[in-house]
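Reader: I have a structure to look at and would like to understand it step by step. Could you take me through it?

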Amino acid sequence: MSNPPLCAIADIPDGGSEGFFTETSDGRLLYMVVRTGDAVFVYKNACPHTGMPLDFQPGKFLTKDGSMIQCSTHGAKFQIEDGVCVSGPCMGDRLEAVAFEVRSGDIFLTENK
Ligand code: FES
């Protein structure tokens, strides 16, 4: 039996982001998805600084110009492509990337733990 998709690519505006979660026996796991054109990036929604979710407003993960992921708590900025923190209190750390595959426009996590 396969898991349901996390979301559809069409759920994420081009140049935008959205937050999702899955329920597991260990509790709820939070994810962020960022889309730039046909490319999508999935990370755990946990800041490497304190482990807090990054979005103050649900699904709002990006800087105003949409060029970086930003943590709403202390303002750390992360590169969209690899999750590396380039400014803020956790500089040099990175967001935890989540493996996924796209099938028929839907995003399926391939690791869900
Ligand atoms: S919790 Fe994200 S920068 Fe501090």
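Reader: Where does Asp 55 lie?

Author: Happy to help! This is a predicted model, where local features need pLDDT of at least 70, side-chain atom pairs count only at pLDDT 80 or more, and totals for chains, interfaces and linings use all residues. Residues are numbered from 1 along each chain as its sequence is written, and side-chain values use heavy atoms, leaving out hydrogens and water. Strands here are DSSP runs of E with at least two residues, numbered from the N terminus. Asp 55 sits in the loop between strand 4 (39-44) and strand 5 (68-70).

Reader: Which side chain of opposite charge is nearest to Asp 55, and how far away is it?

Author: Asp counts as negative and Lys as positive. A salt bridge needs a side-chain nitrogen of Lys or Arg within 4 Å of a carboxyl oxygen of Asp or Glu. Asp 55 is buried (under 20% relative accessible area, 1.4 Å probe, protein chains only). It has no salt bridge, and the nearest side chain of opposite charge is Lys 60, at 9.6 Å.

Reader: Which backbone nitrogen does the side chain of Asp 55 reach?

Author: Let's start with a side-chain partner: a polar contact (a pair of N or O atoms within 3.5 Å, one able to donate a hydrogen and the other to accept it) joins Asp 55 and Asn 45 at 3.0 Å. The side chain of Asp 55 also reaches, at 3.0 Å, the backbone nitrogen of Gly 59.

Reader: How many bridges pair strand 3 with strand 4?

Author: Two strands pair if DSSP finds at least two bridges between them. Strand 3 (residues 27-36) and strand 4 are antiparallel, and their bridges number six.

Definitions and conventions:
Helix = DSSP H or I, 4+ residues; strand = E, 2+ residues; numbered from the N terminus. Buried < 20%, exposed > 50% of the residue type's maximum accessible area, 1.4 Å probe, protein only.
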